[in-house]
Amino acid sequence: MTYIGQFVYQEGNGGIHHKAFNYFYIDSSFIRILLMEGIFVFLALMFLLWFLFKRYYQLNLMLFVIALILIVLSSVIDQHLNEMSFNVVLLSALANLDYWQKEINFSKRV
């Protein structure tokens with residue numbers, strides 16, 4: 001691991017090989033970011049995930065909390081965490097979430 005990342009040669013299968021060969025591909029998003037992007041980016045990502053979790057929890061956006069937990073769990077086994085076409089929840093760090101907030105007042109039920 002380096003502070004600013006490094007090139008990691010990876011050879012994936014792609015389903016075209018019918019014999020044994022040197023297969024090496026980093027599937028975990030967290031390991032991929034740590035090795036290829038470096039410690040600084042990895043720590044920034046951990047801070048962003050912590051910030052989003054804290055923000056969603058304080059705003060009582062439990063659907064967003066659940067979505068973030070599922071994305072983190074999914075990213076342990078896939079490489080799509082930092083790809084915006086697969087994961088748009090990270091964009092919510094810059095979004096206005098007022099629309100999603102709802103006050104639940106059980107005393108006004110009829």
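These questions and answers cover the helices and the nonpolar patch of a predicted model.

Residues are numbered from 1 along each chain as its sequence is written, and side-chain values use heavy atoms, with hydrogens and water left out. Local features need pLDDT of at least 70 and side-chain atom pairs count only at pLDDT 80 or more, whereas totals for chains, interfaces and linings use all residues.

Me: What pattern does the protein follow along the sequence?
Reply: Helices (H or I, at least four residues) and strands (E, at least two) are DSSP runs, numbered from the N terminus. The protein has three helices and zero strands. Read along the sequence, the pattern is α-α-α.

Me: Which helices do the buried residues of H1 pack against?
Reply: Buried means under 20% relative accessible area, exposed over 50%, partly exposed in between (1.4 Å probe, protein chains only). In H1, residues 29-37, the buried positions are Ser29, Phe30, Arg32, Ile33 and Leu34. These buried residues pack against H2 (39-58) and H3 (62-75).

Me: Which helix gives the most to the nonpolar patch?
Reply: Patch residues have over 30% relative accessible area and no salt bridge (Lys or Arg side-chain nitrogen within 4 Å of an Asp or Glu carboxyl oxygen); like charges are joined within 9 Å, nonpolar side chains (Val, Leu, Ile, Met, Phe, Trp, Tyr) within 5 Å. H2 and H3 each supply at least two residues of the patch. The largest contribution, six residues, comes from H3.

Me: Is Phe53 of helix H2 buried, partly exposed or exposed?
Reply: Phe53 lies in helix H2 and is one of the residues in the nonpolar patch. Because its relative accessibility is 35%, Phe53 counts as partly exposed.

Key: Contact means heavy atoms within 4.5 Å. Accessible areas come from the Shrake-Rupley method with a 1.4 Å probe; for residues, only the protein chains shown count as cover.
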